[in-house]
Amino acid sequence: MTVTTVEAAGRRRGAELLVEVLRSEGVRYIFGNPGTTELPLIDALTEAPDVAYVLALQEATAVAMADGYAQGARRPAFLNLHTAGGLGHGMGSLVNSQVSGTPLVVTAGQQDTRHALTDPLLMGDLVAIADPVVKWAREVTRPDQIPVLLRRAFHDCAAAPSGPVFLSLPMDVMDALTDVPAGETSTIDQRAVAGSLDRLAEKLAAVAPGRLALIAGDEIDSSDAAAQTVALADLLAAPVYGSSWPAHIPFPTSHPLWAGNLPTRADSIAAILGRYDAVFALGGKSLITVLYSEGSAVPPGTAVFQLSADVRDLGRTYATALSTVGDIRASLDALLPLLAPRLAERAEAFAALREQAVAAQAERRRKLHAAADAAFEDPVIDPLAAAREVARAVGAQTPIIDEAPATLTHLRTFLDSPSVHQYAAMRGGVLGWGMPAAVGFSLGIDRAPVVCVVGDGAAMYSPQALWTAAHEKLPVTFVVINNAEYNILKTFMKGQAHYASARANRFIAMDLTDPRIDFPALAASMGVPARRVARAADIAPAIEAGIASGRANLVEVVVRAG
């Protein structure tokens, strides 16, 4: 009697089919924290040594790790959460990913649908829970749907506008047998060239030299258009401002035309943009504001031009003289040859502006370093001096993941790098992104060193990342900027004269003291060596040693509060 095995019949479980599709899509890591409903997938990974499971100790941390990986690897990340509760834990981090446009394929295990009628434990409406923070959400109802839905998820999360998508994976579907083939990966060219480029070139060329500014949005990074943006800036001799609330700095901070990131108040942005007759924004969502102020961020008399692959961001808030839809890299490749001959007659004026930019950059840096020098010997480390020493220790190439409000603005001004991929920050406003994102980012760049600069308050949202960094033996240096308070909140309240808190100098729930958090002890408990630094002169040597160690480590920098 001949016995036909499942393997011989070409049938396999849904979970095994899912892993096969992941392999074909180039997935190397699954980020997650497993529970009962995820066990079919965990079991399928037993025979898939080429797909590594990266264990996070909490789901919000798992999402942020996947987010960091996607940004570092510059490709979609795959993660698997634990049913309704785990998806709920991850929602804050998913908000960050949604705002940043990070391409994620988010999945969660679902209860066995065969007893859904009895309202079993761990059952939940996962699609409804995920829907507000993803591009689309769907539950897989049969194993033969897995190839189509999973490949659709990988495509759609990366297509403009990029962002997370969600699939619910019921246990019975993952265990059911199927003979459906995994199919093949599609090749899709998404680099559409924008229209009206002749008209855009004409309008940009009509702006007087020195009266046009560029805004380098995050989309330049996802489009890999930094070289084209530099060529455009050089051609126009135009200052380049970064987004007011960026996920990346997609322009070389060492370039003389780099003018820094815009502020986060509309009136402060308007004061800068008012210096120009026109601005050309590359990518959407470049003028995000945080605190309210009267008036528009774009002052009267300043014309706006836009180029973005996301039509939703064109003319959304501010009237534009011309906005056009297209991939930034492909469109700039087409625009530059149209623009250059229109500017040729004023070559000398543009050359003079470029020379002025070199001198202005040198003067800005001289003043900046003088201010840091003046604060260098303060008995308690000044945040400005701390930022300078962090930047000096990290250098021009090592990636920085930044979630430290006390030093964030200062650190950006000290960056001096030809790299357009050195800096990443949390854009969604939900704390807890930085430490796990640094873990994922290191994995995304083949386990290369990364420095995570994080505030003490933000660090307490996701300290579990320390364990994963140690477990994966990743060279991540965590620099905790510790002022023992929620400084950004306290500073805001002090500026509100009508607040009772400001008059009484009493700020409820804003001091992380009594007891003070012992970060070296916390790190040691998770297998991460650590040291505390209380003098500015000791910051750079400690970080340099941490990077050189080639392993996960933590440096606590005690800075002045208030």
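**A buried valine, a buried aspartate and a set of parallel strands**

Leaving out residues up to four places away in sequence, Val51 touches Arg23, Val27, Arg28, Ile30 and Leu45. The model is a predicted one. Val51 itself lies in the loop between α2 (39-44) and β3 (52-55). Its relative accessible area is 4%, and the cut-off for a buried residue is under 20%, so Val51 counts as buried. One of the residues it touches is Ile30. The two are 21 residues apart along the chain, and their C-alpha atoms are separated by 7.1 Å.

Asp172 is another buried residue, here with a charged side chain. Asp172 belongs to helix α7, which covers residues 171-175. Which side chain of opposite charge is nearest to Asp172? That side chain is Arg114, at 4.7 Å. A salt bridge requires a side-chain nitrogen of Lys or Arg within 4 Å of a carboxyl oxygen of Asp or Glu, and Asp172 has no salt bridge. The side chain of Asp172 does make a polar contact with the side chain of Thr113, at 2.6 Å. Apart from neighbours within four places in sequence, the residues in contact with Asp172 are Gln111, Asp112, Thr113 and Arg114.

The remaining part of the description concerns strands β17 to β20. Strand β18 comprises residues 476-482, and 7 of its 7 residues are buried, so the strand is largely enclosed by the rest of the structure. The burial holds for both faces of β18: Val476, Phe478, Val480 and Asn482 point one way, while Thr477, Val479 and Ile481 point the other way, and all are buried.

Strand β18 pairs with two of the strands described here, β17 and β20. With β17 (residues 450-455), β18 runs parallel and is joined by 6 bridges. Within this pairing, Val451 stands opposite Thr477. The pairing of β18 with β20 is also in the parallel sense, over 6 bridges. Thr477 appears again in this second pairing, where its bridge partner in β20 is Asn553.

Strand β20 (residues 553-558) also runs parallel to strand β19 (residues 530-533), and 4 bridges join the two. Val533 has Val557 in β20 as its bridge partner. Between β19 and β20 the chain passes through helix α22 (residues 539-549), forming a right-handed β-α-β crossover. Strand β20 is thus paired with β18 as well as with β19.

Conventions
Residues numbered from 1 in each chain as written. Predicted model: local features only at pLDDT ≥ 70, side-chain atom pairs only at ≥ 80, totals over all residues. Heavy atoms only, no water. Buried < 20%, exposed > 50% of the residue type's maximum accessible area, 1.4 Å probe, protein only. Polar contact = N/O pair within 3.5 Å; in protein donor to acceptor, adjacent residues only side chain to side chain. Contact = heavy atoms within 4.5 Å. Pairing = 2+ DSSP bridges. Right-handed = clockwise from strand over helix to strand, strands pointing away.
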